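Please look through the sequence and the model below before reading on. The paragraphs that follow take the helix pairs in turn and then turn to individual residues.

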Amino acid sequence: MTYFLLGVLAPLFLNLLHMIIGIYVVVKRGSILSLGFTGISFVTKSMAMMFFLWLGIIHLGLNFKIFVPLLTFFWFMTHVIEAFVIQHYIRENESDAIRSVQR
């Protein structure tokens, strides 16, 4: 149960929060500010990943051979999903001038 909570649900929930905030930033503030949020998001997600690793391996004594691949797999997959969702909203909100230059 601990493996599921910390290895699956924790990264899903954290990346869902980042994705919701990222969508808000893209829609309300634009893609340039979204780029800054993405940089800050990288730092906060990395800190959370290190915290989850510490909590799971050192504090809770989980087997690292099971926990680390589980955590990193769900962490990576939610990053990929988040990237496609944010890219969709960026393209949806780009201006006509940028569209004419790109196409």
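**Helix packing and a buried ion pair**

In this predicted model, the axes of H1 and H2 come within 11 Å and cross at roughly 170 degrees. Because an angle over 145 degrees counts as roughly antiparallel, H1 is placed in that category with respect to H2. On the H1 side, the residues that meet H2 are Leu6, Ala10, Pro11, Leu14, Asn15, His18, Ile21, Gly22, Val25, Val26 and Arg29, and their counterparts in H2 are Leu33, Ser34, Phe37, Ser41, Thr44, Lys45, Ala48, Phe52, Leu55 and Gly56. Sorted by class, the contact of H1 with H2 consists of twelve nonpolar, seven polar and two charged residues.

Helix H2, which covers residues 31-59, also packs against H3, here at an angle of about 165 degrees and with the two axes 11 Å apart. H2 is therefore roughly antiparallel to H3, and the crossing in which H2 passes H3 is right-handed. H2 contributes Ser31, Ser34, Lys45, Ala48, Met49, Phe52, Leu53, Gly56 and Ile57 to this contact, while H3 contributes Phe64, Phe67, Val68, Leu71, Thr72, Trp75, His79, Glu82, Ile86 and Ile90. The class division for the contact of H2 with H3 is twelve nonpolar, five polar and two charged residues.

The remaining pairing to consider is that of helix H1, residues 2-29, with helix H3, residues 64-92, whose axes lie 9 Å apart and make an angle of about 15 degrees. H1 and H3 are therefore roughly parallel to each other, and H1 passes H3 in a right-handed crossing. In the contact of H1 with H3 there are 20 nonpolar residues, together with six polar residues and one charged residue. A pair of residues from the two ends of this comparison can be followed directly in the model: the C-alpha atoms of Leu9 and Leu71, which are 62 residues apart along the chain, are separated by 9.3 Å. Leu9 is found in helix H1 and is partly exposed, with a relative accessible area of 36%.

Which residues form the salt bridge, and how far apart are their closest N and O atoms? The count of salt bridges comes to one, and the partners are Glu82 and Lys45, with the closest N and O atoms 2.4 Å apart. This pair links distant parts of the chain, since Glu82 is in helix H3 and Lys45 is in helix H2, 37 residues apart. Both partners can be classified by accessibility, for which the cut-off for a buried residue is a relative accessible area under 20%. At 9%, Glu82 is therefore buried, and Lys45, at 4% relative accessibility, counts as buried as well.

The surroundings of Lys45 fill in this part of the model, for, leaving aside residues up to four places away in sequence, Lys45 touches Asn15, His18, Trp75, His79 and Glu82. Of these, Asn15 and His18 are listed among the H1 residues that meet H2, whereas Trp75, His79 and Glu82 are listed among the H3 residues in contact with H2.

Elsewhere in helix H2 lies Ser34, which is buried, with a relative accessible area of 4%. With residues up to four places away in sequence again not counted, Ser34 touches Val25, Val26, Ile86 and Ile90. Val25 and Val26 belong to the H1 side of the contact with H2, and Ile86 and Ile90 belong to the H3 side of the contact with H2.

Definitions and conventions: Residues numbered from 1 in each chain as written. Predicted model: local features only at pLDDT ≥ 70, side-chain atom pairs only at ≥ 80, totals over all residues. Heavy atoms only, no water. Axes fitted to C-alpha atoms, helices over the stretch in contact; angles between N-to-C directions. Helix = DSSP H or I, 4+ residues; strand = E, 2+ residues; numbered from the N terminus. Parallel < 35°, antiparallel > 145°, perpendicular 65-115°, else oblique. Left-handed = near helix turned anticlockwise from the far one by under 90°. Nonpolar A, V, L, I, M, F, W, Y, C, P; charged D, E, K, R; others polar. Contact = heavy atoms within 4.5 Å. Salt bridge = Lys/Arg side-chain N within 4 Å of Asp/Glu carboxyl O. Buried < 20%, exposed > 50% of the residue type's maximum accessible area, 1.4 Å probe, protein only.
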